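Subject: Structure for your review

Dear colleague,

Please find below the structure that I am handing over to you. My findings follow after it.

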Amino acid sequence: MNPVIEIHDVVTRFGTRTIHNGVNLHINENEIYGILGESGSGKSVLMKEMIMLLEPSAGEVSVLGKSLTSISFKDAQALRSDWGVLFQFGALFSSLTVAENIEVQLKEYTDISTMMRANLVRSKLALVGLDPHVGALYPSELSGGMIKRAALARALAMEPKLLFLDEPTSGLDPIGARNFDALIVELRDLLGITVVMITHDLDSIFSIVDRMAVLADKRVVAEGSIENVLQSQHPFVEAFFKNEYTKERFSQKMNKGHHV
Amino acid sequence: MNIEFLSYAKQQHHLDLSAKGEWTLNTVLEIEKALRQVPCDKKIIWDFSGVSDFDSAGILLFVEYYKRFKEEVDVEVLGYTKKQKEMYTLLNKNRQESIIPAKIGMLENLGRNTLEIYEDIKDFITFLGHLFTAMFQVFLKPKNIRFKEIVYHIKQSGFNALIIIGLTAFLVGMVIAYQGSVQLAKFGADIFIVDTVAISITRELGPMITAIVIAGRSGSAYTAEIGAMKITEEIAAMRTMGFDPYYFLVLPRVFALMIALPLLIFFADIIGILGGMVAAKMQLGISMTQFTDRLYEVLEVKHYILGMIKGPMFAFLIAAIGCYRGFQVSNNTESIGLHTTASVVNSIFLVIAFDALFSVIFTELDL
């Protein structure tokens, strides 16, 4: 399998504060990759470095085979149309309707006809499970779950190969969260995309994530499938996975891990 | 000493200190008073068996005074329950060094503020660099100009401001004429009121009043709009889509204001002179015809042009500062207020400073 994203010895400093000190990981094609860690461990920062919102102080990040350190403006723009990003709180443009939010990139970067654009918007809405009439609403008129779905539809607008999700299930009710998980798996299978997600949601971690990286102590302390991660003795992994609640809730899956 | 909570008895080689009653949040004040009176010259044997009830406040008080006594003499603690011990361990484990707010001296404060201003100016210059680059690129590729947004902002910042600008200019024109007429009437030079009003309005007051109103009205709006977009991560979202915020947010606002402000100044000039005309009629009895006749004689086109030239310059300052402050907003709502204030204050100051600069330049050039 080809690595879609490779992160090599990344160091991030804000002033005198070190966030990452030698982070290494790779994300394979067509997998759902989770980034875990306690708050302040730099999960969001790491994701921002993957999507060129931040530059690491040292080290290398390459996405879809292109190194981001010395990327040209043209390549960067091309790369940006190859991925979709779902922000934690949606970040829909508040001055545009949902449909306009979804079509904004299509309008800007493609020359397709208005009718075709409308069709695409409708299909994206259907894909994420929203009624066509939602397209005419403004983000302020949507519920939390609808915002996430609309933002996902926007992230999918340019038919990305890569999807970045920042806590996709946070703020959703448990049923909505599971539906969202199912939707992500469905999209992955259907569109063949690679998904990178920051998550704390144990259900998502145990059910849909293929591989994951656990960030703690400024580096990746455990990487791989859930079975591999469970082998780790790191205090955060112990506290996060091996507490009473998790043990009871996911006993079946946990035991499987112990026999590997 | 309040013997309800604490009592002591002096022995030959030590001091028997017995704690009693409730050691809780409600009683710690009394207990502390009592503790302060305990003499510290001999070994202390501290007995807790009499304590009926306690909470974390009581334990913390014990911890505090145990440490103080310990510094002076030997302390032995007796008669504590298991629960008390557990609570003590828990509290002691989580005990952190008390947070002492760092005192900043006047000199250090001065240094910090100076550095902050220096960084701020550096950031603004970086912003201007980006803005000029974006402007230059857009002139090379005019199809990237976002005409729809520009028109929208011309309407918002220009057309919608007509009433307030008109009202302000009218009143300023009237005030000038009133004040001037009192002085000029003394010399019997009534008709010179036309020169006073026309030249001061077109050269100085029209552009300045308009710029100040627009700085308060649109500069603040730009900061708040962009700041709110930053908080909701809309700007980050734009960047990930490859939309440069300079093209989509900054340039339309800058261009719109650079187009709208000169037009508003033109409008303010007319209404301001009209205000002067009305006041001259009321105060000095100069008829409209007399006024306009004199106006044609004294108001050279250059005065009007010199006023208008300042328009795009002021507009650029206001829009650039408004957008710059918007991008500075950090992730909390209070920061929108702070930066909006800073935006208006900075742009009004710079407008006045540049106006003074223009004044000097034009005078030196004999214009």
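Five bridges connect strand E7 (residues 162–166) of chain A to E8(A), and the two strands run parallel. Please note that this is a predicted model. Within this pairing, Leu165(A) has Met197(A) in E8(A) as its bridge partner. Between the two strands, the chain passes from E7(A) through helix H6 (residues 174–191) of chain A to E8(A), in a β-α-β crossover that is right-handed.

Strand E8(A) also pairs with strand E3 (residues 32–37) of chain A, through four bridges and again in parallel. Here Ile35(A) is matched with Ile198(A) as its bridge partner in E8(A).

How many of the five residues of strand E8 (residues 194–198) of chain A are buried? Five of the five are, so the strand is largely enclosed by the rest of the structure. The cut-off behind this reasoning is that a residue is buried if 20 or more other C-beta atoms lie within 10 Å of its own. In a regular strand, side chains alternate between the two faces of the sheet. In E8(A), Thr194(A), Val196(A) and Ile198(A) point one way, while Val195(A) and Met197(A) point the other way, and all are buried.

Two residues of E8(A) reappear in the description of the nonpolar cores. The largest core has 68 residues, of which Ala151(A), Phe164(A), Val195(A), Val196(A), Met212(A) and Val214(A) touch the most other members. Helix H5 (residues 144–155) of chain A gives the most to this core, namely seven residues. Another core lies apart from it and has 59 residues, including Leu205(B), Ala211(B), Leu317(B) and Ile348(B). Returning to Met212(A), its contacts are Tyr33(A), Gly34(A), Ile35(A), Leu36(A), Ile205(A) and Val229(A), leaving aside residues up to four places away in sequence. In soluble globular proteins, nonpolar side chains tend to be buried together.

Chain A also holds an open sheet of four strands, with the order E2-E1-E4-E5 and antiparallel pairing. Strand E2 (17–28) and E5 of chain A are the edge strands, each pairing on one side only. Strand E1 (residues 3–14) of chain A is joined to E4(A) by five bridges, and the two run antiparallel. In this pair, Ile5(A) stands opposite Val63(A) in E4(A).

Two loop residues of chain A deserve a separate note. Most residues other than glycine have a negative phi. Leu64(A), however, has a positive phi, near 50°. Leu64(A) sits in the loop between strand E4 (58–63) and strand E5 (66–67) of chain A. Ala91(A) likewise has a positive phi, near 50°, and is found in the loop between strand E6 (83–86) and helix H3 (98–109) of chain A. Which of the labels buried or partly exposed applies to Leu64(A)? Leu64(A) is partly exposed, because it has 17 other C-beta atoms within 10 Å. Ala91(A) counts as buried, because it has 24 C-beta neighbours inside 10 Å.

As to chain B, the domain assignment gives domain 1 (6–93) and domain 2 (145–364). The C-alpha centres of these two domains of chain B lie 72 Å apart. The contact between the chains takes 10 residues from chain B and 13 residues from chain A. On the side of chain B that touches chain A, four residues are nonpolar, three are polar and three are charged.

Yours sincerely

Terms used
Residues numbered from 1 in each chain as written. Chains lettered and ligands numbered in written order. Predicted model: local features only at pLDDT ≥ 70, side-chain atom pairs only at ≥ 80, totals over all residues. Buried ≥ 20, exposed ≤ 12 C-beta atoms within 10 Å, placed from the backbone. Pairing = 2+ DSSP bridges. Right-handed = clockwise from strand over helix to strand, strands pointing away. Core = buried A, V, L, I, M, F, W, Y, C linked by C-beta atoms within 7 Å. Contact = placed C-beta atoms within 7 Å. Domains from an automatic or database assignment. Nonpolar A, V, L, I, M, F, W, Y, C, P; charged D, E, K, R; others polar.
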